[in-house]
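Q: Got a minute to look at something with me? I'd like to talk through the aromatics and the pockets.

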Amino acid sequence: NMDIKVRVYVVNSESKLKAFVSVTADELIVMNGFKLIEGKDGKLFLVNPANKIADGEYRDVTYFLKKDCHNYVEELAIKEYNRFVNNKMDKANPFTK
C-alpha cells in the first residue's frame, strides 16, 4: 500500500484557482503543480500539472494512471484545503478556542 501525503498551498484570490497541491508518494517522489479549482457548481476538483505546447493546447505533465488514485488524492487535498480555510478564523483571533 502506497503512503500518499498532500500539502495544500491556499491562494488568497477571488479566482477559481483555490490552491496549489503537492503530492508525496512513499517519501520517494514529490509531484508539484497540481491545482484545486472551484467549478461552476462550487465544488472543488483536482487538476493535473500541465504545460502549454506549441499549438496552444495544454498537455498534462504528471497524472495518475488510475482514476481511483486521482480521486483519493483529490479527496485528501479537498479535506486539507477545508481544514485550512476553516481554521483560518481561529488563527486570526487568539481568543477563539
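A: Sure, let's start with the aromatic rings and then move on to the largest pocket. Keep in mind that this is a predicted model.

Q: Okay, how many aromatic pairs does the structure hold?

A: Just 1 aromatic pair. The partners are F34 and F64, and their rings are stacked, at 5.6 Å centre to centre with 25 degrees between the planes.

Q: Where do F34 and F64 lie?

A: F34 is in strand β3, residues 29-38, while F64 is in the loop between β6 (58-60) and α1 (67-92). The pair therefore ties together parts that are 30 residues apart in sequence.

Q: And F34, buried or exposed?

A: F34 is buried, because its relative accessibility is 0%.

Q: What about F64, buried or exposed?

A: F64 is buried too, with a relative accessible area of 17%; the cut-off for buried is under 20%.

Q: Switching to pockets: what volume does the largest pocket have?

A: About 170 Å³.

Q: Which residues line the largest pocket?

A: The lining is K16, G33, K35, I37, F45, V47, N48, P49, A50 and Y58.

Q: Which elements give two or more residues to that lining?

A: Those are β3 and β4, the latter being residues 44-47. The largest share, 3 residues, comes from β3. That is also the strand where F34 of the aromatic pair lies.

Q: How many of the lining residues are nonpolar, polar or charged?

A: By class, the lining has 6 nonpolar residues, 2 polar ones and 2 charged ones.

How values were computed
Residues are numbered from 1 along each chain as its sequence is written. This is a predicted model: local features need pLDDT of at least 70, side-chain atom pairs count only at pLDDT 80 or more; totals for chains, interfaces and linings use all residues. Side-chain values use heavy atoms; hydrogens and water are left out. Rings of Phe, Tyr and Trp (its six-membered ring) pair if their centres lie within 6.5 Å; planes under 30 degrees apart count as stacked, over 60 as edge-to-face and the rest as tilted. Helices (H or I, at least four residues) and strands (E, at least two) are DSSP runs, numbered from the N terminus. Buried means under 20% relative accessible area, exposed over 50%, partly exposed in between (1.4 Å probe, protein chains only). On a 1 Å grid over the protein atoms alone, a cavity is a set of points where a 1.4 Å probe fits but cannot get out, and a pocket is an open set with protein on both sides within 12 Å along at least five of seven lines; lining residues have an atom within 4 Å of a point. Grid points are joined across faces, edges and corners, and a volume is the space filled by probe spheres set on the points. Ala, Val, Leu, Ile, Met, Phe, Trp, Tyr, Cys and Pro count as nonpolar, Asp, Glu, Lys and Arg as charged, and the others, Gly among them, as polar.
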